[in-house]
Amino acid sequence: MTTKGTKLINGHTHIRYQSKPISEIKVLKRSEKFYKNMNKRRSVRDFSDKPIPKDIIENILKTAGSAPSGAHKQPWTFCVVENPEIKKQIRFAAEAEEKQSYEERMSESWLKDIKPMGTNASKPFIEVAPYLIIVFKRLFEYDENGDKLQNYYVNESVGIACGMLIAAIQNAGLVTLTHTPSPMRFLEKILERPDNERAFLLLPVGYAADDCFVPELHRKSLRDICVFY
Ligand code: IYR
């Protein structure tokens, strides 16, 4: 049954997908432009404290929230922290976990592998960056009776949303870092999250500091990451 560009499938309305056709040359140009900008993305650890209007962060979050997800369950919560007192608590707890990781939990080979990044347990960017986005995955939902409802492909869905969040941050001209001060359960406590949520990723967002250095890293070539059939 069709009415005016809508269709019923399994009793649910489907709307016509509308996209205006773009010429091949424009598609090529757009793909190149996007790649060139994304290829400039770096994980940044030295942030400026320059404030950022909330509208920008909201646009970035809306982009992340447009990610695909298993059965469209959108199993994510993005907590945005601006409050200096909460940032301080997060930094304190993160540095305590990181100290233990660097001193006791990380293997010799792990420490050797991250040596080029020049990292240690000190995480001043958690307080300096104007915003922290802490992404939580939602393991399940509660219905109105308090019964559990399943979410699907939660890690994949939240991982994709985080990728889109990072791309949106880069596209806006800001910088971030995918920070995982594990174990991250302290974030659930500090932010008083419900028991269906688990901390997934912590992203400081802001401008890079004026004097910001990043490790000299090289990306694998297309030949090394792709197999064309
Ligand atoms: N979480 C620690 C250690 C660390 C781990 C990996 I894997 C890195 O790519 C970089 C650092 C930290 O943030 O310092």
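Begin by selecting strand 2 and strand 3, which form a hairpin with two residues between them, and look in the turn for asparagine 10, whose phi is positive at about 50°. Keep in mind throughout the tour that this is a predicted model. With residues 6-9 and 12-15 selected, you have both strands of the hairpin on display, and they run antiparallel, joined by four bridges. To follow one of the pairings, pick threonine 6 and then isoleucine 15, its bridge partner in strand 3.

Next, select the ligand, which sits in the largest pocket. Helix 3 (84-105) and helix 4 (108-114) are the elements that give two or more residues to the shell around the ligand, so colouring these helices is a useful next step. To show the whole shell, select Arg45, Glu98, Tyr102, Met106, Trp110, Ile114, Thr119, Asn120, Lys123, His179 and Thr180; by class, the residues of this shell divide into four nonpolar, four polar and three charged.

Now turn to individual side chains around the ligand. In glutamate 98, an N or O atom of the side chain is 3.0 Å from a nitrogen atom of the ligand. Select tyrosine 102 after that, and you will find one of its polar side-chain atoms 2.5 Å from an oxygen atom of the ligand, while lysine 123 likewise places a polar side-chain atom 2.5 Å from a ligand oxygen atom. Taken on its own, the ligand has 380 Å² of accessible area, and the protein covers 70% of that area.

From the ligand, move on to the open sheet of four strands, whose order is 4-5-9-8 and whose pairing is antiparallel. Strand 4 (76-81) and strand 8 (175-176) stand at the edges, and because each has a single partner strand, one side of each is left without a neighbour in the sheet. Then select residues 131-138 and 197-206, which are strand 5 and strand 9, running antiparallel and joined by eight bridges; within this pair, isoleucine 134 stands opposite leucine 202 of strand 9.

Two loops complete the tour. In the loop between strand 8 and helix 7 (185-190), select proline 183, and examine the bond that joins serine 182 to proline 183, which is a cis peptide bond with an omega of about -5°. Finally, go to the loop between helix 2 (54-64) and strand 4, where alanine 71 lies; this residue has a positive phi of about 50°, although it is not a glycine.

Methods:
Residues numbered from 1 in each chain as written. Predicted model: local features only at pLDDT ≥ 70, side-chain atom pairs only at ≥ 80, totals over all residues. Heavy atoms only, no water. Pairing = 2+ DSSP bridges. Near = heavy atom within 4 Å. Polar contact = N/O pair within 3.5 Å; in protein donor to acceptor, adjacent residues only side chain to side chain. Areas by Shrake-Rupley, 256 points an atom, 1.4 Å probe, with all protein chains shown as cover. 1 Å grid on protein atoms, 1.4 Å probe; cavity = no way out; pocket = protein on both sides within 12 Å on 5 of 7 lines; lining within 4 Å. Sits in = over half its atoms within 2 Å of the grid points. Nonpolar A, V, L, I, M, F, W, Y, C, P; charged D, E, K, R; others polar.
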